[in-house]
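This briefing concerns backbone geometry that merits a check before a model is prepared for calculation. Please consult the sequence and structure below alongside the notes that follow.

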Amino acid sequence: MIIDGKKEAEILRDEIKKEIISIKNKTNKVPGLSVILIGDLVPSQIYVRNKEKNSKEVGMNSNIIKYSKDVTEEEVLKKIKELNNDKNVSGILVQLPLPDQIGKEKIINSIDPSKDVDGFHPINVGNLASGYKAIVPCTPLGCLILIKKVEKNLSGKHAVIIGRSNLNGKPMAQLLLKENCTVTIVHSKTKNLKEECSKADILIAAAGSAKLVKKDWVKNGSIIIDVGINQEGDKIVGDVSFEEVKDKAKAITPVPGGVGPMTIACLLKNTLECFKARLT
């Protein structure tokens, strides 16, 4: 089974759009997403354009605030403070990576946790780790939705996550623990990496290494979620050697067209949840 991330993202966006229309009819209010883009990195510009397009399609207000790569940290912090206090802004996102003169930690910590649609603020990270209600980072949230399209009950499954980043690996582990999985995180310093991966019922690859996961790394009948995005010649490939692995897995996400579309759909989901929390 090839897990169609484009199709699942479309289903999620349609659900969000219907809910926004329903709320607008009752309150005459809609969610507002503000994205801060610093510098001229092409991948960041593409991501932000896609976020803007998708948010408008579901009926949200979208506001892109652009700064040159030389902008001061003070100026960005001032803008975030304005957005924190703006009642029309439901969600705030600062597109990463940031230029050297701007501290990522300081920027993330300055965002109102109730508007932190990326789920990176320490309060949201702590709530997720504690099993409390939290805004969940978009990529792991998207991964979990895709996994549960294949297998609704994950209790007792052995999940192996390649990569320990704050963006995916760590929050992914917390989500799977909440689903009663046994979770192993492996990384560049792990001994017997292939052996650890071959035990997984669910394998999530987010190492940033093209075609790292080979056929003999994968357990028969496992679910493979490929988060990797790597340039190989003129092609985009994942962290999993797709052609080798696809017939051995029960289900697998392609790259592109797997996790990527779900990440943006989950950003819209988080923005809607932040908006609804302020209505009550």
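Lys211 is partly exposed in this predicted model, with a relative accessible area of 29%. That value falls between the 20% and 50% cut-offs, which means that neither the buried nor the exposed class applies. Lys211 also has a positive phi of about 55°, although the residue is not a glycine. The points below place Lys211 in the chain and then turn to Asn28 and to two cis peptide bonds.

**Positive phi outside glycine**

- The loop that holds Lys211 runs between the strands β6 (202–205) and β7 (223–226).
- Asn28, likewise a residue other than glycine, has a positive phi, near 60°.
- Asn28 is located in the loop between helix α1 (5–27) and strand β1 (32–38).
- The relative accessible area of Asn28 is 64%, and Asn28 is therefore classed as exposed, the cut-off being over 50%.

**Cis peptide bonds**

- The bond from Leu96 to Pro97 is cis, and its omega is near 0°.
- Pro97 belongs to the loop between strand β3 (91–94) and helix α4 (104–110).
- A cis peptide bond also links Val255 to Pro256, with omega near -5°.
- Pro256 sits in the loop that separates strand β10 (251–252) from helix α10 (259–279).

How values were computed: Residues are numbered from 1 along each chain as its sequence is written. This is a predicted model: local features need pLDDT of at least 70, side-chain atom pairs count only at pLDDT 80 or more; totals for chains, interfaces and linings use all residues. Side-chain values use heavy atoms; hydrogens and water are left out. Helices (H or I, at least four residues) and strands (E, at least two) are DSSP runs, numbered from the N terminus. Buried means under 20% relative accessible area, exposed over 50%, partly exposed in between (1.4 Å probe, protein chains only).
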